[in-house]
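Hi,

Here is the structure I said I'd pass on. Have a look at it first, and then read on for what turned up.

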Amino acid sequence: DTIVVHDPFWTASARHADIVMPSTITLERNDIGGANSDAYLAAMRQVVAPHAQARNDYESFSDLASALGVADAFTESLDEMGWLRRLYGTWLEHARQHGYVFPEFDQFWSEGVLELPFDEGRNLFGAFIEDPEAAPLTTPSGRIELFSDTIAGFGYDDCPGHPAWLEPSEWLGGQRAQEFPLLMIANNPRARLHSQLDVGDHSQASKVQGREPARLHPDDAAARGIADGEVVRVFNDRGSFLAGAVLSANMRPRVMQVSTGAWHDPLDPSDPDSMCVHGNPNVLTLDRGTSKLAQGCVGQRVLVDVERWHGPLPPITVTAPPPIEAG
């Protein structure tokens with residue numbers, strides 16, 4: 001019943017939370033950056049002091065653990081730098097056990113970047129290809145399997161034990177396309193990473209009359225009386241959103257493209273079915289996973305229709321700062 005959000009920004013989710021804890025951004029805290037496939041390990045040193053009342057997530061959760069009486073179990077008596085030293089030390093010992101020699105933490109932290117050994121010829125199945133018997137895969141047979149007895153044994157009608165074409169719930173060849181004749185492709189955006197920093201200048205500069213761009217073929221637009229740059233309503237039987245029309249002959253007829261990640265801005269926040277005035281395609285997508293076995297995302301394509309928006313343009317409120325009350 002209570003939603004708590006810890007975030008550096010006044011995001012769409014923060015706006016709908018009961019309690020919001022302002023968190024620091026990467027430049028305001030210390031961390032270590034790296035992943036299994038990275039060629040470098042980076043010391044992410046704090047650059048500036050936290051803004052206003054922003055706190056590190058670790059600090060916030062440590063205080064919460066203290067209030068719950070489990071501070072020692074959570075922190076293990078380590079602060080931020082203490083944990084970074086322990087994590088690096090654990091990794092360093094693991095690397096030494098495999099024959100690699102790297103500097104101690106203080107030298108790594110001072111130098112800032114640590115180059116890791118990297119095999120340019122490495123590929124995912126290299127060892128298996130070279131010697132399948134000595135380096136089997138983690139499948140039951142140890143080989144690449146085109147049929148899975150395990151998956152077939154589940155008896156799922158939407159996920160057989162072998163590759164198969166199953167009719168999508170949202171496609172132009174289905175019956176549903178008779179009612180909603182356009183296939184909307186919701187791809188990753190160019191002006192931001194998913195929804196991150198949608199409120200920033202770079203992402204906002206890509207909008208059309210403040211709305212997310214909706215690209216469609218000129219023939220589809222002409223059939224609906226839509227001109228380039230006009231605000232349109234994209235809809236189906238699940239919901240609707242406003243977007244800015246961008247006409248492009250590069251689009252395939254009967255296909256529309258709207259990027260994901262526009263911050264959700266409902267016309268009526270009290271109505272869960274309210275139209276999003278900013279252009280978030282999630283209000284139209286099917287809320288279910290790819291199959292009974294895999295709960296992957298199916299939101300990249302959805303059948304819709306589009307019409308020119310004739311009413312007054314609702315204001316964009318999701319980019320406004322939070323209300324500040326004097327204490």
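Which residue stands opposite Gln 257 in E10? Looking along that pairing, you'll find Ile 185. Before going further, please keep in mind that this is a predicted model.

Let me stay with E10 for a moment. The strand covers residues 255-258, and E6 (residues 182-185) runs parallel to it, joined by three bridges. E7 (residues 213-216) is also joined to E10 by three bridges, but that pair runs antiparallel. In this second pairing it is Arg 215 that stands opposite Gln 257. So Gln 257 has a partner on E6 in Ile 185 and one on E7 in Arg 215, if you want a spot to start from in the viewer.

The side chains of E10 are worth a click too. Val 255 and Gln 257 point one way, Met 256 and Val 258 the other, and all are buried. That fits the usual pattern: in a regular strand, side chains alternate between the two faces of the sheet.

Now zoom out. These strands belong to a closed barrel of six, in the order E6-E10-E7-E9-E8-E11, and the pairing is mixed. From one strand to the next, the twist averages 45°. Elsewhere in the barrel, E8 (residues 231-236) pairs with E9 in the antiparallel sense, over six bridges. One pair to pick out there is Asn 236 and its bridge partner in E9, Gly 239.

Next, the pocket. The largest one holds about 750 Å³ of space, and its lining takes in 34 residues. Helix H1 (12-15) and strand E9 (239-247) are the elements that give two or more residues to that lining. Nearest the centre of the pocket are Ser 195, Gly 261, Ala 262, Asn 280 and Asn 282. By type, the lining divides into 13 nonpolar, 17 polar and four charged residues.

One last residue, Ser 62, which sits in helix H2 (residues 57-67). Is Ser 62 buried or exposed? Its relative accessibility is 12%, so Ser 62 counts as buried, the cut-off being under 20%. Apart from neighbours within four places in sequence, Ser 62 is in contact with Phe 74 and Thr 75.

That's the tour. Shout if you'd like to go through any of it together.

Cheers

Definitions and conventions: Residues numbered from 1 in each chain as written. Predicted model: local features only at pLDDT ≥ 70, side-chain atom pairs only at ≥ 80, totals over all residues. Heavy atoms only, no water. 1 Å grid on protein atoms, 1.4 Å probe; cavity = no way out; pocket = protein on both sides within 12 Å on 5 of 7 lines; lining within 4 Å. Points joined across faces, edges and corners; volume = space filled by probe spheres on them. Helix = DSSP H or I, 4+ residues; strand = E, 2+ residues; numbered from the N terminus. Nonpolar A, V, L, I, M, F, W, Y, C, P; charged D, E, K, R; others polar. Pairing = 2+ DSSP bridges. Axes fitted to C-alpha atoms, helices over the stretch in contact; angles between N-to-C directions. Buried < 20%, exposed > 50% of the residue type's maximum accessible area, 1.4 Å probe, protein only. Contact = heavy atoms within 4.5 Å.
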